[in-house]
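Please open the model in your viewer and keep the sequence panel beside it, since each stop on this tour begins with a selection.

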Amino acid sequence: MSDVDAKGARLDLHEGPDGILYIALHGDMSEDMMRAMMAALRRTVEGGREVLVLGDLRRAGVIPALARKMAAEEMRTARLDAAAAVGASFSVRVVVTLVTKGVQLLTGRPYPLEFFDSESEARAWLLAQRDALRGKRRPAV
């Protein structure tokens, strides 16, 4: 799915064959884009799968206060098993880290987040997180 706003910013969302939800932000994040991201997370949870997100932030612009507030509110009830961000600028890293830490404080749930320079490193880390989650869920024999 690709969502383009009036200013030409774009959000690309799709789930890969490995179960990783790929999100790429091109330009500034809008409230509608944030809603679309949160809806994708909810659909993944409803499908009974791990919620593993690879965020391509190489072309990300500003994440305005309203979009940050919406993300924090939505993440209070959403499940996110692990997130990997690729190519985030310093300012985007700061904003994403602050939102994530705030949600962790409010919910008491961990939200593993790592930043990477390459998509292959990010995917490898996410798949390792998935394997660890599946290992924890196996019934004891």
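Begin by selecting tryptophan 125, which is found in helix H4 (residues 119–137); bear in mind throughout that this is a predicted model. Is this tryptophan buried or exposed? With a relative accessible area of 17%, tryptophan 125 falls under the 20% cut-off and therefore counts as buried. Now display its contacts: leaving aside residues up to four places away in sequence, tryptophan 125 touches Ala82, Ala83, Ala84, Pro112, Leu113, Glu114 and Phe116. If you also pick glutamine 104, 21 residues apart from tryptophan 125 along the chain, the C-alpha atoms of the two turn out to be separated by 20 Å.

Next, select strand E3 (residues 21–27), which is mostly covered, with six of its seven residues buried. On one pairing, strand E2 (residues 10–15) runs antiparallel to E3 and is joined to it by six bridges, and glutamate 15 has leucine 21 in E3 as its bridge partner. The hairpin of these two strands has five residues between them, and glycine 19 there takes a positive phi near 85°. In the other pairing to inspect, E3 and strand E4 (residues 52–60) run parallel and are joined by six bridges, with leucine 21 standing opposite valine 53 in E4. To follow the chain from E3 to E4, trace it through helix H1 (residues 31–46), a β-α-β crossover that is right-handed.

Move on to helix H2 (residues 65–75) and colour its buried residues, which are Ala67, Met70, Ala71 and Met75. Why do they lie on the same side of H2? They cover an arc of only 120° around the axis, which puts them on the same side of the helix. Residues three or four places apart in an α-helix point the same way because there are 3.6 residues a turn. Show H1 and helix H3 (90–107) as well, since both are included in what covers the buried residues of H2.

The last stop is the interior, where the count comes to one cavity of 30 Å³ or more. The largest cavity has a volume of about 530 Å³, and 27 residues line it, of which Met37, Met38, Leu80, Val96 and Thr100 are the closest to its centre. For a view by element, select E3, H1, E4, H2, strand E5 (82–86) and H3, each of which supplies at least two residues of the lining of the largest cavity. Which element gives the largest share of that lining? It is H3, from which five residues come.

How values were computed. Residues are numbered from 1 along each chain as its sequence is written. This is a predicted model: local features need pLDDT of at least 70, side-chain atom pairs count only at pLDDT 80 or more; totals for chains, interfaces and linings use all residues. Side-chain values use heavy atoms; hydrogens and water are left out. Buried means under 20% relative accessible area, exposed over 50%, partly exposed in between (1.4 Å probe, protein chains only). Helices (H or I, at least four residues) and strands (E, at least two) are DSSP runs, numbered from the N terminus. Two strands pair if DSSP finds at least two bridges between them. A crossover is right-handed if, with the strands pointing away from the viewer, the path from the first strand over the helix to the second runs clockwise. The arc is that of the directions from the helix axis to the C-beta atoms. Contact means heavy atoms within 4.5 Å. On a 1 Å grid over the protein atoms alone, a cavity is a set of points where a 1.4 Å probe fits but cannot get out, and a pocket is an open set with protein on both sides within 12 Å along at least five of seven lines; lining residues have an atom within 4 Å of a point. Grid points are joined across faces, edges and corners, and a volume is the space filled by probe spheres set on the points.
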